[in-house]
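Thanks for coming. I have one chain to go through, and I will start with its overall layout before moving to the strands.

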Amino acid sequence: MSLLSISRPNDAGVSVCRYVLDSEIMSCEVQVSQPQTAAGKGLVKADPGNKYHVASPSNGDLWVMYVHPGDIVKEGEELFNVSIMKQEKAVLAPTDGIVKRVLKTADFKENKQMVSVREGELIVELGPVPRVCRNEACGQPIPMNNAAFCPYCGERVL
Ligand SMILES: [Zn+2]
């Protein structure tokens, strides 16, 4: 028997394998991955190789988001917290950066609502901090590319 081809899995996670057996071309369907369920539609997967992508560590419920787009975060700063099997899991910034996107947000203390998240789902996207204030006593990152003055100390930065 020799294998001819294996198709890419379709939405149901099924690949079609074609093979030759006794000079006849045969095919069979094989479940190779999880079906794309309705709940998974529109899910944005984090790129594990991208240090600016911050994913949910597991399936769970996002209950608090601490950051907003435009926030500057330091490596190790808590970005959000996911409830996993009733355990709180703090998710920290993997690197210094500026928050570019917040894909899901929650504020359980405010509205008693959690937002379900999936393992590996992109929750926060960071970006490189554009510039740092030239005033050495300040040294704060400048969040706006076109700012002429440091918003922290007032030093001219352009
Ligand atoms: Zn400054």
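Domain bounds, as I use them here, come from an automatic or database domain assignment. On that basis the chain has domain 1 at 2-31 and domain 2 at 47-128. Their C-alpha centres are 40 Å apart.

Two points on conventions. Residues are numbered from 1 along each chain as its sequence is written. The model is predicted, with local features requiring pLDDT of at least 70 and side-chain atom pairs counted only at pLDDT 80 or more, while totals for chains, interfaces and linings use all residues.

Overall dimensions next. The radius of gyration, taken over C-alpha atoms, is 23 Å. For a compact globule of 158 residues the value would be near 15 Å, by the rule of 2.2 Å times the number of residues to the power 0.38. Along the principal axes, the C-alpha atoms fill a box of roughly 80 × 40 × 20 Å.

Secondary structure: one helix and 13 strands. These are DSSP runs, numbered from the N terminus, with helices being H or I of at least four residues and strands E of at least two. The order from the N terminus is β-β-β-β-β-β-β-β-β-α-β-β-β-β.

Now domain 1. I call two strands paired if DSSP finds at least two bridges between them. Strand β1, residues 2-6, pairs with β2, residues 14-21, in the antiparallel sense over four bridges. β2 also pairs with β3, residues 24-31, again antiparallel, over eight bridges. Y19 is a useful marker: L3 stands opposite Y19 in β2, and the bridge partner of Y19 in β3 is M26. The hairpin of β2 and β3 has two residues between the strands, and D22 there has a positive phi near 50 degrees.

On to the open sheet. What is the order of its four strands? It runs β8-β7-β5-β10, with antiparallel pairing. β8 and β10, the latter at 115-117, are the edge strands, each pairing on one side only. From one strand to the next the twist averages 40 degrees, with axes fitted as lines to C-alpha atoms and angles running from 0 to 180 degrees between N-to-C directions.

Within that sheet, β5 (60-65) and β7 are joined by four bridges, and M65 stands opposite F80 in β7. Six bridges join β7, residues 78-84, to β8, residues 87-92. S83 has E88 as its bridge partner in β8. The β7-β8 hairpin has two residues between its strands, and M85 in the turn has a positive phi of about 50 degrees.

What about the largest nonpolar core? A nonpolar core is a set of buried Ala, Val, Leu, Ile, Met, Phe, Trp, Tyr and Cys residues joined through C-beta atoms within 7 Å. Buried means 20 or more other C-beta atoms within 10 Å, exposed means 12 or fewer, and partly exposed is in between, with C-beta atoms placed from the backbone. The largest core has 18 residues, and those touching the most other members are V54, L62, L79, F80, I123, V124 and L126. β4 (53-55), β5, β7, β9 (97-102) and β11 (122-127) each give two or more residues to this core.

For contacts, the C-beta atoms, again placed from the backbone, must lie within 7 Å. Beyond its neighbours within four places in sequence, F80 contacts L62, V64, M65, Y66, V91, I123 and V124. Chain-wide, buried residues make up 15% of the 158.

Notes: Two residues are in contact if their C-beta atoms, placed from the backbone, lie within 7 Å.
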